[in-house]
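Could you walk me through this protein in my viewer, stop by stop? I would like to know what to select next and what I will find there.

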Amino acid sequence: YCSIFPKQNLLDRKELILLWMAEGFLQQIHGEKAMESVGDEYFNELLSRSLIEKDNTKAEEKFRMHDLIYDLAKLIYGKTCCCFESGEISGTVRHLAFHSNLYDVSKRFEGLYEQKFLRTFLAARNYLYGEYCVTKKVSHDWLQKLRHLRTLSLLKYENITELPESVSILVLLRYLDLSYTSIKSLPDATCRLYNLLTLKLSHCEFLTQLPEQIGNLVNLPHLDIRDTDLLAMPAQISKLQDLRVLTSFVVGRE
């Protein structure tokens, strides 16, 4: 799965575990351990076998795949996992990630528009500065056709100010990342994504409110609202008993 990221891409332990959760890779045994704990064990296993390694050039804890391991993973799983640049991809690809460009126009993604069975569409974290934009053909037209999607990231696309109501079609979605976008509010349709496990809205500086019906997201344990401009939390959020809120101010458990 890690081979969907660009070569030498920095991996974050917590982030990767959330992605594994969304894809259904983590199995709980009779509810004895939380999925996050299972994921932590998997991650440590990869470390112990040197399949991933700590990056010692960064102050924070980040990891990389060794180049040879990455190349081997691409060779074996290249038909289902893809690090996308542009152009056509195989119809067998299910997991896809890419680095955002400053201007991701329609032409970059036109080779994907016939893909209807993707499970992962992931804008990988780009550490370069700039204002990133994506065509509305992706965010409003094409994505609503991906009914098998589990993981969706539109990270850092600052021209995104809203999601269409048709997002409710993505009923299998478990991970949604809109961090660093200019989104002002979420449509009520978001509250019909009942399988959602992770909702990331960090650094959405124009976000002032969450949907009143957010309590309908009964499976949601992870909500990231760091550095937003939220004025208050909806009353229904108290229905989410297992929710862990990551925030810059005290709303819930961090």
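Here is a tour of a helix pair, the loop that joins it, two pockets and two cavities. Keep in mind along the way that this is a predicted model.

**Stop 1: the helix pair**

Start by selecting residues 13-23, which form helix H1, and residues 35-48, which form helix H2. Turn the view until you can see how they pack: the angle is about 115°, and the axes are 9 Å apart. The crossing of H1 and H2 is right-handed.

Now show the side chains where the two helices touch. On the H1 side, pick Arg13, Leu16, Ile17, Trp20 and Met21. Their partners in H2 are Met35, Glu36, Gly39, Asp40, Tyr42, Phe43, Asn44, Leu46 and Leu47. Colour this contact by residue class and you should find 9 nonpolar, 2 polar and 3 charged residues.

**Stop 2: the loop between them**

Next, click on Gly24, which sits in the loop between H1 and H2. Is Gly24 buried or exposed? Its relative accessibility is 31%, so Gly24 counts as partly exposed. For a distance label, join the C-alpha atoms of Gly24 and Met35: they are 9.8 Å apart in space, with a separation of 11 residues in sequence.

**Stop 3: the largest pocket**

Switch on a surface and centre on Asp12, Lys14, Glu15, Leu18 and Lys200. Of the 40 residues that line the largest pocket, these lie nearest its centre. The space here comes to about 970 Å³.

Which elements should you highlight around the largest pocket, if each must give two or more residues to its lining? They are listed here:

- helices H1 and H2
- strands S6 (120-124) and S9 (175-177)
- strands S10 (198-200), S11 (222-224) and S12 (244-246)

H1, which you met at the first stop, gives the most to this lining, with 7 residues. By class, the lining of the largest pocket holds 18 nonpolar, 7 polar and 15 charged residues.

**Stop 4: the second largest pocket**

Move on to the second largest pocket, with a volume of about 380 Å³. To find it, select Tyr1, Cys2, Leu46, Met65 and Ala73, the closest to its centre among the 16 residues that line it. Leu46 may look familiar, as it is one of the H2 residues that meet H1. Then add helix H3 (residues 67-77), which supplies the largest share of the lining of this pocket, 5 residues. Colouring by class gives 14 nonpolar and 2 polar residues here, with no charged ones.

**Stop 5: the enclosed spaces**

Finally, hide the surface and look inside. How many cavities of 30 Å³ or more does the structure hold? There are 2.

For the largest cavity, with about 80 Å³ of space, select Ser139, His140, Asp141, Leu143, Gln144, Leu152, Leu154, Leu163, Pro164, Ser166, Val167 and Leu170. Helix H5 (residues 136-142) gives the most to this lining, with 3 residues. The classes here are 7 nonpolar, 4 polar and 1 charged.

For the second largest cavity, select Cys2, Phe5, Pro6, Gln8, Asn9, Leu11, Met65 and Tyr70. About 40 Å³ of space lies inside, and the lining has 6 nonpolar and 2 polar residues but no charged ones. Cys2 and Met65 line this cavity, and both also appeared at the previous stop, among the residues closest to the centre of the second largest pocket.

Methods. Residues are numbered from 1 along each chain as its sequence is written. This is a predicted model: local features need pLDDT of at least 70, side-chain atom pairs count only at pLDDT 80 or more; totals for chains, interfaces and linings use all residues. Side-chain values use heavy atoms; hydrogens and water are left out. Axes are lines fitted to C-alpha atoms, for helices over the stretch in contact, and angles run from 0 to 180 degrees between N-to-C directions. Helices (H or I, at least four residues) and strands (E, at least two) are DSSP runs, numbered from the N terminus. A crossing is left-handed if the near helix is turned anticlockwise from the far one by less than a right angle, and right-handed if clockwise. Contact means heavy atoms within 4.5 Å. Ala, Val, Leu, Ile, Met, Phe, Trp, Tyr, Cys and Pro count as nonpolar, Asp, Glu, Lys and Arg as charged, and the others, Gly among them, as polar. On a 1 Å grid over the protein atoms alone, a cavity is a set of points where a 1.4 Å probe fits but cannot get out, and a pocket is an open set with protein on both sides within 12 Å along at least five of seven lines; lining residues have an atom within 4 Å of a point. Grid points are joined across faces, edges and corners, and a volume is the space filled by probe spheres set on the points. Buried means under 20% relative accessible area, exposed over 50%, partly exposed in between (1.4 Å probe, protein chains only).
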